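Reader: I am new to this structure. Please pick one part of it, take a close look, and tell me how that part fits with what surrounds it.

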Amino acid sequence: AARIIQNMDPTADPCKDFYQYACGGWLNLHVIPETSSRYSIFDILRDELEIILKGVLETSDQGDREAFRKAKILYKSCMNESLIEQRDSLPLLEALTMVGDWPVASADWNKTKEPNWSMEEKLSIMNSRFNKRVLIDMFVWNDDRDSSRHIIYIDQPSLGMPSRDYYFNGGNYQRVREAYLQFMITIAKMIREDKNLSKDDSFVHEEMAKVMEFETEIAN
């Protein structure tokens with residue numbers, strides 16, 4: 001109750017400016033950090049929790065149960081920037097190999113990879129290994145007709161961009177769409193270079209335009 005009162009401005013007339021009356025104290029006590037687009041009690045709690053978690057994850061894992069050890073290993077792997085820089089694009093290249101390579105970043109993919117490539121198998125690998133739903137979303141959740149059991153749900157996945165508007169509307173949406181396509185082209189060129197493939201900008205542009213067209217059809 002004290003915190004709620006502190007975040008109010010009882011000097012303001014609620015009939016004239018209810019927002020100032022309800023939130024004026026908060027506005028006077030808090031400034032939105034330059035790194036944030038908003039600042040609420042939930043953001044403060046999240047920041048405090050991150051500090052606590054950092055302390056927990058940096059303690060010794062001796063005697064910890066397996067789940068805690070895994071969390072600490074994951075944290076250490078993310079913090080080891082020198083090893084991340086040393087490995088460079090290798091983890092990404094290994095992931096691409098696992099899903100049957102990327103045609104735009106391969107030499108003769110249609111001849112060398114496609115004959116043994118199975119979409120059903122690759123979709124399941126993307127789901128189980130990388131938690132990435134492509135074309136189809138599949139998950140287990142409570143049965144709406146019987147809450148005592150769980151069932152398999154099949155649904156549409158999320159798009160590459162936040163919503164359908166980004167694929168069809170003009171203005172800022174179009175600028176984001178163009179940047180999205182350029183981002184795909186840049187990544188494809190980088191991977192081709194890391195795999196020592198010949199430079200072929202026209203091929204990359206053509207392939208990524210097809211990807212954009214396909215994703216637009218899905219959005220539609």
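Author: Domain bounds, as used here, come from an automatic or database domain assignment. The model itself is predicted. On that assignment the chain is divided into domain 1 (1-79), domain 2 (118-158) and domain 3 (164-219). The centres of domain 2 and domain 3, taken over C-alpha atoms, are separated by 27 Å. A UniProt record, from an unreviewed entry, places the feature "domain: Peptidase M13 N-terminal" at residues 14-220. Over residues 14-220, 58% of the chain is helix and 8% is strand, with 47 Å between the end C-alpha atoms.

The part chosen for the close look is helix α11, which covers residues 201-219. How far apart should the ends of α11 be? At 1.5 Å a residue, its 19 residues should span 27 Å, and the end C-alpha atoms are 27 Å apart, so the expected and modelled values agree.

Next comes burial. In α11 the buried residues are V204, E207, M208, M212, E215, T216 and A219. Some of the spacing in that list can be read against a general rule. An α-helix has 3.6 residues a turn, so residues three or four places apart point the same way. What covers the buried residues of α11 includes α9 (165-168) and α10 (172-194).

T216 shows this in detail. T216 lies in α11 and is one of its buried residues. Within the helix, the side chain of T216 reaches the backbone oxygen of M212 at 2.7 Å. M212 is itself on the buried list. Leaving aside residues up to four places away in sequence, T216 touches Y167 and F168.

For comparison, here is a residue from another helix. K122 sits in α8, which runs over residues 119-130. Is K122 buried or exposed? K122 is buried, because its relative accessible area is 13% and the cut-off for burial is under 20%. Not counting residues up to four places away in sequence, K122 touches M98, V99, G100 and W117.

The strands complete the picture. Strand β1 (residues 137-143) runs antiparallel to strand β2 (residues 146-155), and seven bridges join the two. V140 has I152 as its bridge partner in β2. The hairpin that joins β1 to β2 does so through two residues.

To return to the chosen part, α11 has the span expected for its number of residues, and the cover over its buried residues includes α9 and α10.

Key. Residues numbered from 1 in each chain as written. Predicted model: local features only at pLDDT ≥ 70, side-chain atom pairs only at ≥ 80, totals over all residues. Heavy atoms only, no water. Pairing = 2+ DSSP bridges. Helix = DSSP H or I, 4+ residues; strand = E, 2+ residues; numbered from the N terminus. UniProt positions renumbered as here; feature names shortened; annotations may be inferred. Polar contact = N/O pair within 3.5 Å; in protein donor to acceptor, adjacent residues only side chain to side chain. Contact = heavy atoms within 4.5 Å. Buried < 20%, exposed > 50% of the residue type's maximum accessible area, 1.4 Å probe, protein only. Expected span 1.5 Å × (residues − 1).
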